[in-house]
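Student: Before I rely on any of the terms used for this protein, could we go through what each of them rests on?
Tutor: Yes, let us take them one by one with the structure in view.

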Amino acid sequence: MSPSDYIILYYERGIKVKRRRNDRHHSAAMGLLFDRRGNTRAQRARQWARAHATDGMACMAALQVHYGLRSVSRRLCQDNNYFSFYINNLFYTLFSEQLFMRAADLLVSEGYADLGYKYVIVDDCWLAKNRSADGKLEADKKRFPSGIKALSDYVHSKGLKFGLYEDWGTKTCAGYPGVLGHEELDAKTFAEWDVDYVKLDGCYSNVRHMDKGYPEFGRHLNNTGRPMVYSCSWPAYQEEKGMLIDYASMAKHCNLWRNYDDIDDSWESMIKIADYFAQKQEFWAQYAGPGHWNDPDMLLIGNFGLTYDQSKTQMAIWAVLAAPLLMSNKLIEVQPQFKEILQNKEVIKVNQDNLGIQGTRVFRDKGIDIWTRKIEPFNDGYYSYAVAFVSRRVDGAPYPYNITLEDLGLKNPNGYSITNLYGKDKSPAPCIYKPNDPVKVRVIPSGVVFLLMNIDDSNKPCKDNSRSQFFK
């Protein structure tokens, strides 16, 4: 593996986007992979980047498109149509303003923007190696000859929003100027550039001071008067040190946060993150909601590491987790079947549910993980649900599984209509399932059956032959 490949897989894979304390956004958790010295893969790659970074180095372009959650702002963002759900694009090449302009064009022309993928966010390596004579941040003049304001204007001209990466430390993870010591000036600079989204990483900093430093920078962003999504990284850095993390403060000052380390382009990495998130869900889920979200890192859909069915699995779990959707792919090369997953309106609707309740893994049985999320419509004390049956089996054939709705925790006496969100026919099943009725699924290995179960009072109970049919 070459050094450049190494960075692609382990460093820039962790593109984080940050959002301001006034907007709402999604997030979640990740698993750490350590080398024999106790470093994570991301740390090893960052060490390599710091040692080898030059002005001519092929930094990966990290382009993030933010999908919208309906945002209820705490102070500045008052637009109820503002969504804080991201999608992130990574292009592994020498990046430039032309690359990001082209990506913005594709978000519109390929239909992503119409579905809510609104934010284009530039990750690390956009900066010049040094600040200007008056102490301001500057873009690399070779890569961004027109300047960041011009790029921001172009993105805005497409009806999209624009975001930038920075770091709370003295340097970014790739060795460019960080904000430490220049917090107020840099916040004002972002506002002058009409930035809508700020991702603040945590390299080259003291993890013990993050609890104060990140909220302070958020206050500087707020003081500019410009609404900016603020995504914080401090839990990811404190988690690996075994520190007690103040999530109440996180939810107060940040719109989203990465809980753990970076995702790799593989099924193993993705499902380990899901597992770790499930282990922490009783603690983490309580801090997620409109305006403040856990972030499990990017979607791998459209890359090389996940199959078609594994890609549907990640999209379903991320939807249940109310997670940000950050595409990590090259938009122009996304194949139609993967694009269909990313643009599945019904799954996006689950992810963007207005109640903002983070789902959890509720049951594991016979190699099937069951994830549920409470969603709208809600009536007479009963929620509707999104339910994902995720196969962890490796036996090479679809596995039949059945469970009653009551055992899933669905107890509405009037019953539920069921829609298969990945089925060819998105219409609900022709009858109502009552709590004591079994729902039957057939799940392929590492695949998912993702069902929408809406409360219903139409009183059309399923006949025996209807209940014998499998969702698959």
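**Terms and their grounds**

Tutor: In this predicted model, helix α9, which covers residues 267–284, bends by about 40° at A278.

Student: What makes A278 the place of a bend of about 40° in α9?
Tutor: The bend at a residue is the angle between an axis fitted to the seven residues ending there and an axis fitted to the seven starting there; for A278 in α9 that angle is about 40°.

Student: Which residues of α9 are called buried?
Tutor: The word applies under 20% relative accessible area, and in α9 the buried residues include W267, M270, I271, A274, F277, A278, Q281 and W284. For the chain as a whole, 61% of the 472 residues count as buried.

Student: What does α9 pack on, and how are the strands there ordered?
Tutor: Five strands form an open sheet in the order β9-β10-β11-β15-β13, with antiparallel pairing. Because β9 (360–365) and β13 (416–420) each have a single partner strand, they stand at the edges, and one side of each is left without a neighbour in the sheet. Neighbouring strands are turned against each other by 25° on average, direction ignored. Helix α9 packs on this sheet, touching β9, β10 and β11, and its direction makes about 105° with that of β9.

Student: How do you know that β10 and β11 are paired?
Tutor: Pairing requires at least two bridges between two strands, and 10 bridges join β10 (residues 368–379) to β11 (residues 382–391), so the requirement is met and the two antiparallel strands count as a pair. Within this pairing, D369 stands opposite V390 in β11.

Student: Which other helix lies across strands of this sheet, and at what angle does it run to β15?
Tutor: Helix α10 (residues 308–320) lies across β9, β10, β11 and β15 (448–455), and runs at about 35° to β15.

Student: Why is N412 called buried, given its relative accessible area?
Tutor: The relative accessible area of N412 is 6%, which is under the 20% cut-off, so N412 is classed as buried. This residue is placed in the loop between α13 (405–408) and β13.

Student: Which residues does N412 touch, leaving aside those up to four places away in sequence?
Tutor: A contact needs heavy atoms within 4.5 Å, and with those sequence neighbours left out, N412 touches Y382, P435, I455 and D456.

Notes
Residues are numbered from 1 along each chain as its sequence is written. This is a predicted model: local features need pLDDT of at least 70, side-chain atom pairs count only at pLDDT 80 or more; totals for chains, interfaces and linings use all residues. Side-chain values use heavy atoms; hydrogens and water are left out. Buried means under 20% relative accessible area, exposed over 50%, partly exposed in between (1.4 Å probe, protein chains only). Helices (H or I, at least four residues) and strands (E, at least two) are DSSP runs, numbered from the N terminus. Axes are lines fitted to C-alpha atoms, for helices over the stretch in contact, and angles run from 0 to 180 degrees between N-to-C directions.
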